[in-house]
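Please consider the sequence and the model shown here. The explanation that follows leads through the structure in running paragraphs.

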Amino acid sequence: MREDIEQALRKNKELNRFFTTLMFKGMIKGLEDYLKPDETVVYIRNANVQMNSPDKLEPNSFSIKGKQPAVIAITDKRVLVYHKIFPNEKMEQFPVQEIRSYDFNKGLTSSKFRITTLTKSIDIDLTCNVKEARHLNSILENITRMRQSL
């Protein structure tokens, strides 16, 4: 496994003691095949994900309707959402320059983080952990600020 991925996984585990990659190691390995040598993974996690949700940003960890298990990776260049359950494989990605907003909503039992771009949105189910959401928000702030200054 790439060192940047291992470092990002360790950071998530440090922030969220309930974080685990159990059952997702194969997806993380599959995602590695799509990473470029000149990009650095700064955040990675497995989660239930919903693309282009028209609904309000409301956490609901008890419902998987319209969601799929995936690995989300944020690099210094792009955001990748990778899903693979044999024989199906799916990759959604967009450059960080397209990020227009990122929002967070914490409920009683879970939370949801939404990244919105020019053409799509990604809703990421998180555990009820504000530290991880703050970390993700900080990463997106830094990446979008760096990209805007180029």
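**Aromatic pairs, helices and the largest pocket**

With a relative accessibility of 35%, tyrosine 34 counts as partly exposed. This value, like the others below, comes from a predicted model. Tyrosine 82 counts as buried, because its relative accessibility is 0%, and the cut-off for a buried residue is under 20%.

These two tyrosines bring us to the aromatic pairs, of which the count comes to 2. The ring centres of tyrosine 34 and tyrosine 82 are 5.7 Å apart and the ring planes stand at 45 degrees, so this pair is tilted. Tyrosine 34 belongs to the loop between helix 2 (25-32) and strand 1, whereas tyrosine 82 belongs to strand 3 (residues 78-85), so the pair ties together parts that are 48 residues apart in sequence. The other pair is formed by phenylalanine 104 and phenylalanine 113, whose ring centres are 6.3 Å apart. Their planes are also at 45 degrees, so this pair is tilted; the tilted class holds angles that are neither under 30 degrees nor over 60. Phenylalanine 104 counts as partly exposed, at 32% relative accessibility, while phenylalanine 113 is buried, with a relative accessible area of 1%.

Strand 3 also leads to a feature of the backbone. Proline 87 lies in the loop between strand 3 and strand 4 (88-95). The peptide bond that joins phenylalanine 86 to proline 87 is cis, with omega at about 0 degrees.

We turn next to helix 1. Helix 1 (residues 3-15) has 13 residues, and the distance from its first C-alpha to its last is 19 Å, close to the 18 Å expected at 1.5 Å a residue. Buried residues in helix 1 are Asp4, Ile5, Ala8, Leu9, Asn12 and Leu15. They cover an arc of only 135 degrees around the axis, which puts them on the same side of helix 1.

One of these buried residues, leucine 15, can be related to helix 3. Arginine 134 lies in helix 3 (residues 130-149). The C-alpha atoms of leucine 15 and arginine 134 are separated by 9.9 Å, although the two residues are 119 residues apart along the chain. Arginine 134 itself is exposed, with a relative accessible area of 59%; the cut-off for that class is over 50%.

The loop between helix 1 and helix 2 contains threonine 20. Threonine 20 is partly exposed, with a relative accessible area of 44%. Between threonine 20 and valine 130 there are 17 Å in space, C-alpha to C-alpha, and the two are 110 residues apart in sequence.

What is the volume of the largest pocket? It is about 280 Å³. Of the 15 residues that line the largest pocket, the closest to its centre are Arg45, Asn46, Ala47, Asp125 and Thr127. Strand 1 (41-51) and strand 7 (121-127) each supply at least two residues of this lining. Strand 1 gives the most, with 4 residues. By residue class, the lining divides into 5 nonpolar, 8 polar and 2 charged residues.

Technical notes:
Residues numbered from 1 in each chain as written. Predicted model: local features only at pLDDT ≥ 70, side-chain atom pairs only at ≥ 80, totals over all residues. Heavy atoms only, no water. 1 Å grid on protein atoms, 1.4 Å probe; cavity = no way out; pocket = protein on both sides within 12 Å on 5 of 7 lines; lining within 4 Å. Points joined across faces, edges and corners; volume = space filled by probe spheres on them. Nonpolar A, V, L, I, M, F, W, Y, C, P; charged D, E, K, R; others polar. Phe/Tyr/Trp six-rings, centres within 6.5 Å; stacked < 30°, edge-to-face > 60°. Buried < 20%, exposed > 50% of the residue type's maximum accessible area, 1.4 Å probe, protein only. Expected span 1.5 Å × (residues − 1). Arc of directions from axis to C-beta.
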